[in-house]
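User: Please walk me through the terms used to describe this model, and tell me what each one rests on.

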Amino acid sequence: MGGEAEKWVLMVTARTPTNIAVIKYWGKRDETLILPINDSISVTLDPNHLCTTTTVSVSPSFDQDRMWLNGKEISLQGGRFQSCLREIRARAQDVEDKKKGIKINKEDWQKLNLHIASYNNFPTAAGLASSAAGLACLVFSLAKLMNLKEDNSQLSAIARQGSGSACRSLYGGFVKWCMGKEENGSDSLAVQLADEKHWDDLVIIIAVVSARQKETSSTSGMRDTVVTSALIDHRAKEVVPKRIVEMEDAIQKKDFPSFARLACTDSNQFHAVCLDTYPPIFYMNDTSHRIISCVEKWNRAEGTPQVAYTFDAGPNAVMIARDRKTAASLLQRLLYNFPPQSDVDLDSYVIGDKSILQDAGIKDMKDVEGLTATPEVKDSILSEKSKGDVSYFICTRPGGGPVVLADESHALLDSVTGLPNA
């Protein structure tokens, strides 16, 4: 190790997207290694709208490993963090920064401590896969800091040990997590099915129904399901394998009707399995159900799917529209049925890609108030408005995978002290 008076700090900052599963992962065959009972497929979301940014730093002056999440220090003692740190350190290589006069031999990484700061630009633990983006970003940024030779697929097998769905955030576009067969989990990793440019007509609108932390964590929920649900075995062995093949085909062919049918039915079955768990797990709420009804009525009225919906372990709806024109019509319907509270401004109620608002012809709250019921919900209970039931909407699209942010202005840690920036 080199550097003046051993006071140097070496840092890497990276950004990693979150992902939303369209064929769900639910249930593990190995709790420690986080090996799933079925394959899953996800869409990576645009990191400009939903991502984790992580800065990792190393210095001989650090006396212990420390981590800060969204500005608050958290413990790194949990088994999942430790698994990732252990696996990454074991693969570390020699690192040299000639400009700073720093040289780290690969054996030194076991003795050096790390400082890690992570920030999610969306709610943590509210069913928006924050742990997926977070653990993927931790592994990716540490791999860059320690000069690992492994590719993103091999890194995904390490991220998986921190959070199962994290392995799918190591790629952009459409990603498959192969469950694998090996007992050591070496073949349970992510592969990219298609990049984000493959099907760039798609537009995604997320209704954040609740930004609160969920009552039943995914970890304990799926453990209970595997032990008590009579349906989970049938799902994993009979239903999902066929859906995986069909979903891969739908993605390659950009076949939206098939994609929508598979995404919706798989989401519904996942939540049916949660209800079949004892005691039952309720991730969706009345607002979630109203959103499903809104989409289903529209799809039925059109005679072919316009929008797919999917819900992870939480009440938030992820809706995937077949194109921008459809997304604009969807946003009109959502704003009509779920307008904001009177004291909320449109700018904070619809975030992300605001150009969808322009496509929908909505400039301000007067335009929202002027929206009328669409033909499929006239004279229906759905035409009753639910003010304030949605916290806000995020407009986004399929996006790219993890990237290193070379510009030091993105760093979350001070380059001299290695402590979080004020």
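**Helix crossings, burial and backbone**

Analyst: Happy to! Helix 5 crosses helix 6 with a left-handed sense, a label given when the near helix is turned anticlockwise from the far one by less than a right angle, while clockwise makes it right-handed. Helices (H or I, at least four residues) and strands (E, at least two) are DSSP runs, numbered from the N terminus. Keep in mind that this is a predicted model, in which local features need pLDDT of at least 70 and side-chain atom pairs count only at pLDDT 80 or more, whereas totals for chains, interfaces and linings use all residues. Residues are numbered from 1 along each chain as its sequence is written, and side-chain values use heavy atoms, without hydrogens and water.

User: What makes helix 5 roughly antiparallel to helix 6?

Analyst: The angle decides. Helix 5 (residues 232–253) and helix 6 (residues 256–276) pack at about 160°, with axes 10 Å apart. Angles run from 0 to 180 degrees between N-to-C directions, and axes are lines fitted to C-alpha atoms, for helices over the stretch in contact. Under 35 degrees counts as roughly parallel, over 145 as roughly antiparallel, 65 to 115 as roughly perpendicular and the rest as oblique. Helix 5 is therefore roughly antiparallel to helix 6. Among the residues making this contact are Val-239, Arg-243 and Met-247 of helix 5 and Phe-259, Leu-262 and Asp-266 of helix 6; contact means heavy atoms within 4.5 Å. By class there are 10 nonpolar, 3 polar and 5 charged residues, where Ala, Val, Leu, Ile, Met, Phe, Trp, Tyr, Cys and Pro count as nonpolar, Asp, Glu, Lys and Arg as charged, and the others, Gly among them, as polar.

User: Why are helix 7 and helix 8 called oblique to each other?

Analyst: Helix 7 (residues 286–302) and helix 8 (residues 324–337) pack at about 135°, their axes 11 Å apart. That angle falls in none of the named ranges, so the pair is oblique. The crossing of helix 7 over helix 8 is right-handed. Arg-290, Cys-294 and Trp-298 of helix 7 meet Thr-326, Ser-329, Leu-330, Arg-333 and Asn-337 of helix 8. These residues divide into 3 nonpolar, 3 polar and 2 charged.

User: And what makes helix 2 and helix 3 oblique?

Analyst: Their axes cross at roughly 125° and come within 9 Å, so this pair is oblique too. Helix 2 passes helix 3 in a right-handed crossing. Leu-135, Ala-136, Val-139, Phe-140 and Ala-143 of helix 2 meet Asn-152, Leu-155, Ile-158 and Ala-159 of helix 3. Here the classes are 8 nonpolar, 1 polar and no charged.

User: How do you know that helix 3 is mostly covered?

Analyst: Of its 8 residues, 6 are buried, meaning under 20% relative accessible area, with exposed over 50% and partly exposed in between (1.4 Å probe, protein chains only). The buried ones are Ser-153, Leu-155, Ser-156, Ala-157, Ile-158 and Ala-159, and they pack against helix 1 (79–91), helix 2 (130–145) and strand 13 (190–194).

User: Why does Ile-34 count as buried, and what is Asn-147 called at 41%?

Analyst: Ile-34 has 0% relative accessibility and therefore counts as buried. Asn-147, at 41%, is partly exposed. Neither is a glycine, but phi is positive in Ile-34, at about 55°, and in Asn-147, at about 60°. Ile-34 sits in the loop between strand 3 (28–30) and strand 4 (35–36), and Asn-147 in the loop between helix 2 and helix 3.
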